[in-house]
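Open the structure in your viewer and keep the selection panel at hand. The tour below moves from stop to stop.

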Amino acid sequence: MENQRNIILAVLLTALVLFGWEAGVGYFYPQAKTPTQTVAAGGAENATKPGKPTREGGLIDAADRSLEAKDLATELAAAGRVKIKAPGLSGSISLNGAIIDDLVINRHRETVEKNSGPVRIFSPYGTPAQQFTQLGWVGQGIETPDTNNPRVWTAPANAVLTPTTPVTLTWTNPTGQRFGITYSIDQNYLITARQTVANAGGNAVSVKPFAVVNRTEKTASLDTWNVHSGPIGAFDGSVTFATNYKDVAETGTVNEAGNTDWIGFTDVYWMSALIPSGAKATSTFRSLGNQIFRADVVYDQAIVQPRTQQSVTTRIFAGAKEHGVLDAYEAQGIANFGLAIDWGWFRWFEKPIFWLLTKLFSLVGNFGVAIILLTLIVRGIMFPVAQRQFASMAAMRAIQPKMKAIQERYKDDKQKQQQEIMALYKQEKVNPLAGCLPMFLQIPVFFALYKTLILAIEMRHQPFVLWIKDLSAPDPLHILNLFGLLPFDPPSFLAIGVLALLLGITMYLQFQLNPAQMDPAQQQVFKLMPWFMMFVMAPFASGLLVYWITSNLLTIAQQKFLYSRHPQLKAQAEKDAADKARATARPK
């Protein structure tokens, strides 16, 4: 009985930790996106309240989406743009300010539909989804290209930025200072910008280079307790996820302490970041009002003597947070860039699970099948533990008469009763907690897979079979609307899909094979648990349900096999079932 109570407690605590924490944190520490305050830095006078962000991010309001499409068509059709063509990114640079404000990610689609087009990460200033990068200088006593005074730059005729053809933009002020930005791009998502100022004037000049990422919060993905979305950066080798949009909106400016390794904004799947290269820089996050934010990198002031020039290099990441790409950039010297994926404290376990999944996927070509193979591997590793669990259950059943005798003998002395039961366990070499071990061993695997499915872009839009088009999203077919035949969407707490139903059924069958519980209350708990978990798990990623269903089926197979190895346990289970049936049929 004590063993079964421990199992029930473990299941309930696991469900509470995995599924109740987010609701609790959201209640006590709400992350709701409130209207931002307009600060002195500028912006619209009246902020508007956005809708609730999604896990994918992007514009929520239909009017914003329509206006974005219209604005993009106008802005990108205008003259004065240098095209960008690379395997990872495509788009253009606006010569009005030398701004990178038009980028799409070639390797990832907007939706699961094949014709949905690539994900757009950068949009021009003033569009509903604005996000861009701008570089410039602040000068003393001379004209400079900066955020308040964008200049029209000059580019070589027919210039196109590709991995093999860098592009240099130039602008010269009336006093003889020539400013240049040389852009180069790699095969993935990194653009390198070399800012140079050449002084052809007669006097020394003082300039301070800077780089800015500007974006709207309207396109932000959902920021939760276990997945950060918002301002992000690494300072003195330490990655911080502590700052969010609300913090910046309330204070106006957030100054980050320490030398800047990189700084920017992240969504669950996408990120834009500035990476200073070879020079010390300070950085800040700023609110510009009306849900517009910026992250900036500012270099030390430089004195440029006549007939000399000085340069500074900034790398710009704008793209998908692909595990292998981020780790490769980290290997090239960008400190802790792989930690831009918010693995959390348990990355030591989550990353191996992710690695194994991707390896299995490379072998079979289907992430759903890879999840099933992962489950087989995990259950295979734990099979010896399951054998010990069943042996312990058999031993516990064997000593039940002795335990009952002790409980009757010492029913008025609970302390003595516990002492005698513990002595019985020791004498019979029975461990009452052995049955909990397989469950506790599965919790890290389950949580690691949960984090992998919601974090890793490699899982995004990965199909399984039939109606499962995206293993990182919930089951799209709901029973209450007859799998989409009826024209309504059930509320989230009733959105029971096929996978959730299979989960409940397989868990019910698994519990049916367990020995009948002696305590009627425990019997009721085990009857309700499968259907409780069916409702709890329905909104979670389909891949997670595939894992759990497969695990349940393997557990059923293991139980049948181990019953054959422990016939006394099977006989006792059949006897308990028969006794229960007779008790139910007995007239009252």
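## A polar contact in strand 10

Select N214 and Q130: their side chains make a polar contact of 2.7 Å. This is a predicted model. N214 sits in strand 10, residues 205-216. Is N214 buried or exposed? It is buried, because its relative accessible area is 6% and the cut-off for buried is under 20%. Now show what N214 touches beyond four places in sequence: Q130, Q131, F132, L288, I292, F293 and R294.

## Salt bridges

Stay in strand 10 and move to R215. Its side chain meets that of D267 in a salt bridge, 3.2 Å from N to O. R215 lies in strand 10, while D267 lies in the loop between strand 14 (260-266) and strand 15 (270-277), so the pair ties together parts that are 52 residues apart in sequence. R215 is buried, with a relative accessible area of 1%. D267 is buried too, at 6%.

Next, select R286, R294 and D296. Salt bridges that share partners join these residues into one network. R294 has already appeared on this tour, among the residues that N214 touches.

How many salt bridges does a search of the whole structure find? It finds ten. Another of them links R81 and D101, where the closest N and O atoms are 2.8 Å apart. R81 belongs to strand 1 (residues 81-85) and D101 to strand 3, so this pair ties together parts that are 20 residues apart in sequence. Check the surface around them: both R81 and D101 are buried.

Follow strand 3 to R107. Here the partner is E322, with 3.6 Å from N to O in the salt bridge. Which parts does this pair tie together? R107 is in strand 3 and E322 is in the loop between strand 19 and helix 4, so the linked parts are 215 residues apart in sequence. R107 counts as partly exposed, at 38% relative accessibility. E322 counts as buried, at 12%.

A general point applies to these stops. Side chains of opposite charge can pair when their charged atoms come close.

## Helix 4

From E322, go on to helix 4, residues 323-331. Colour H323, V325, L326 and Y329: these residues are buried. What do the buried residues of helix 4 pack against? Show strand 3 (99-109), strand 9 (190-199), strand 19 (308-320) and helix 5 (347-364). Then select G333, which follows helix 4. Its phi is positive, near 115 degrees.

## The open sheet

Now switch to a cartoon view and select eight strands. They form an open sheet in the order 7-8-9-19-15-14-11-12, with antiparallel pairing. Which strands stand at the edges? They are strand 7 (167-172) and strand 12 (238-240). Each has a single partner strand, so one side of each is left without a neighbour in the sheet. Look along the sheet for the twist, which averages 15 degrees from one strand to the next.

Finish at the strand 7 edge. Strand 7 pairs with strand 8 (residues 177-185) in the antiparallel sense, over six bridges. Pick W171 and look across to strand 8: its bridge partner there is F179. Turn on backbone hydrogen bonds for this last view. Strands of a sheet pair through such bonds, either parallel or antiparallel.

Terms used:
Residues numbered from 1 in each chain as written. Predicted model: local features only at pLDDT ≥ 70, side-chain atom pairs only at ≥ 80, totals over all residues. Heavy atoms only, no water. Buried < 20%, exposed > 50% of the residue type's maximum accessible area, 1.4 Å probe, protein only. Helix = DSSP H or I, 4+ residues; strand = E, 2+ residues; numbered from the N terminus. Contact = heavy atoms within 4.5 Å. Polar contact = N/O pair within 3.5 Å; in protein donor to acceptor, adjacent residues only side chain to side chain. Salt bridge = Lys/Arg side-chain N within 4 Å of Asp/Glu carboxyl O. Pairing = 2+ DSSP bridges. Axes fitted to C-alpha atoms, helices over the stretch in contact; angles between N-to-C directions.
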